[in-house]
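User: I'm new to this one and would like a quick tour. Can we go through it question by question?

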Amino acid sequence: MALALNPMEDRDAGRERFSRLLAVAGALYTLIALIVAGVAALGLLGLFGQPVDPAAVEPALMLGLPWSLAVGAAAGQAPTVILALACAAMAANGALLAIAARLVRVSARG
């Protein structure tokens, strides 16, 4: 039904749809990144009586790719430093998705 309402030949409609797709992907990525960062903090720091698990930061590092590849050089650092670098990598990916959605939306309107 939605495809019938939006003309496929219109380039601006395609860009607007792509902008919405990037905005939704950014929102979902941010939500997942917040959950993964919270779980990594719980596991890595042993909060709320949980046993300390050094591998708890691995999912956060995977979500932060390609920026988290630089964290490999800091592998000898404290767990809080690795967690902070993984969170910074995830934040960079989320910011890139938000910027891309805004740029596509501006080019569709302008």
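User: Which residues form a nonpolar patch on the surface, and how much accessible area do they have together?

Analyst: Keep in mind that this is a predicted model. The patch is made up of Leu-42, Leu-45, Leu-47 and Phe-48. Taken together, their accessible area is about 390 Å².

User: Is Leu-47 buried, partly exposed or exposed?

Analyst: Leu-47 sits in the loop between helix 2 (11–45) and helix 3 (58–63). Buried would mean under 20% relative accessible area, and exposed would mean over 50%. Leu-47 has 37%, so the label is partly exposed.

User: Stepping back, what kind of secondary structure does the protein chain have, and in what order do the elements run?

Analyst: The count for the protein chain is four helices and zero strands. Read from the N terminus on, the order is α-α-α-α.

User: How much of the protein chain counts as buried?

Analyst: On the outside, the chain exposes about 7,200 Å², and carbon and sulfur atoms supply 72% of that. As for the inside, the chain has 110 residues, and the share that counts as buried is 28%.

User: Which element gives the largest share of the largest nonpolar core?

Analyst: As a rule, nonpolar side chains in soluble globular proteins tend to be buried together. The largest core here has 15 residues, and Val-57, Ala-60, Leu-61, Leu-83, Ala-86 and Met-90 touch the most other members. Helix 2, helix 3 and helix 4 are the elements that give two or more residues to this core. The largest share, seven residues, comes from helix 2.

User: Which residues does Val-57 touch, leaving out those up to four places away in sequence?

Analyst: Val-57 is one of the core residues that touch the most other members. With residues up to four places away in sequence set aside, the list for Val-57 is Ala-40, Leu-44, Ile-82, Leu-83 and Ala-86.

User: Ala-33 lies in helix 2. How far is the C-alpha atom of Ala-33 from that of Gly-64?

Analyst: Ala-33 has 8% relative accessibility, so this residue counts as buried. Neighbours within four places aside, Ala-33 is in contact with Leu-63 and Met-90. Gly-64 is 31 residues away along the chain, yet the two C-alpha atoms are separated by 8.7 Å.

User: What about Ser-68: buried or exposed?

Analyst: Ser-68 is found in the loop between helix 3 and helix 4 (79–109). Not counting residues up to four places away in sequence, Ser-68 touches Leu-61 and Ala-89. Its relative accessible area is 6%, so Ser-68 is buried.

User: Which backbone atom does the side chain of Ser-68 reach, and at what distance?

Analyst: The partner here is Leu-65. The side chain of Ser-68 reaches the backbone nitrogen of Leu-65 at 3.5 Å.

User: How many salt bridges does a search of the whole structure find, and which residues form a salt bridge?

Analyst: Side chains of opposite charge can pair when their charged atoms come close. The search of the whole structure turns up one salt bridge. Its closest N and O atoms are 3.8 Å apart, and the residues are Arg-20 and Glu-16.

User: Why are Arg-20 and Glu-16 separated by about one helical turn, and which of the two is buried?

Analyst: Arg-20 and Glu-16 are four residues apart in helix 2, which means a separation of about one helical turn. Arg-20 counts as exposed at 51% relative accessibility. With a relative accessible area of 19%, the buried one is Glu-16.

Conventions:
Residues are numbered from 1 along each chain as its sequence is written. This is a predicted model: local features need pLDDT of at least 70, side-chain atom pairs count only at pLDDT 80 or more; totals for chains, interfaces and linings use all residues. Side-chain values use heavy atoms; hydrogens and water are left out. Patches are made of residues with over 30% relative accessible area and no salt bridge: like charges are joined within 9 Å, nonpolar side chains (Val, Leu, Ile, Met, Phe, Trp, Tyr) within 5 Å. Accessible areas come from the Shrake-Rupley method with a 1.4 Å probe; for residues, only the protein chains shown count as cover. A salt bridge is a side-chain nitrogen of Lys or Arg within 4 Å of a carboxyl oxygen of Asp or Glu. Buried means under 20% relative accessible area, exposed over 50%, partly exposed in between (1.4 Å probe, protein chains only). A polar contact is a pair of N or O atoms within 3.5 Å; within protein, one must be able to donate a hydrogen and the other to accept it, and residues adjacent in sequence count only if both atoms are side-chain atoms. Contact means heavy atoms within 4.5 Å. A nonpolar core is a set of buried Ala, Val, Leu, Ile, Met, Phe, Trp, Tyr and Cys residues joined through side-chain atoms within 4.5 Å.
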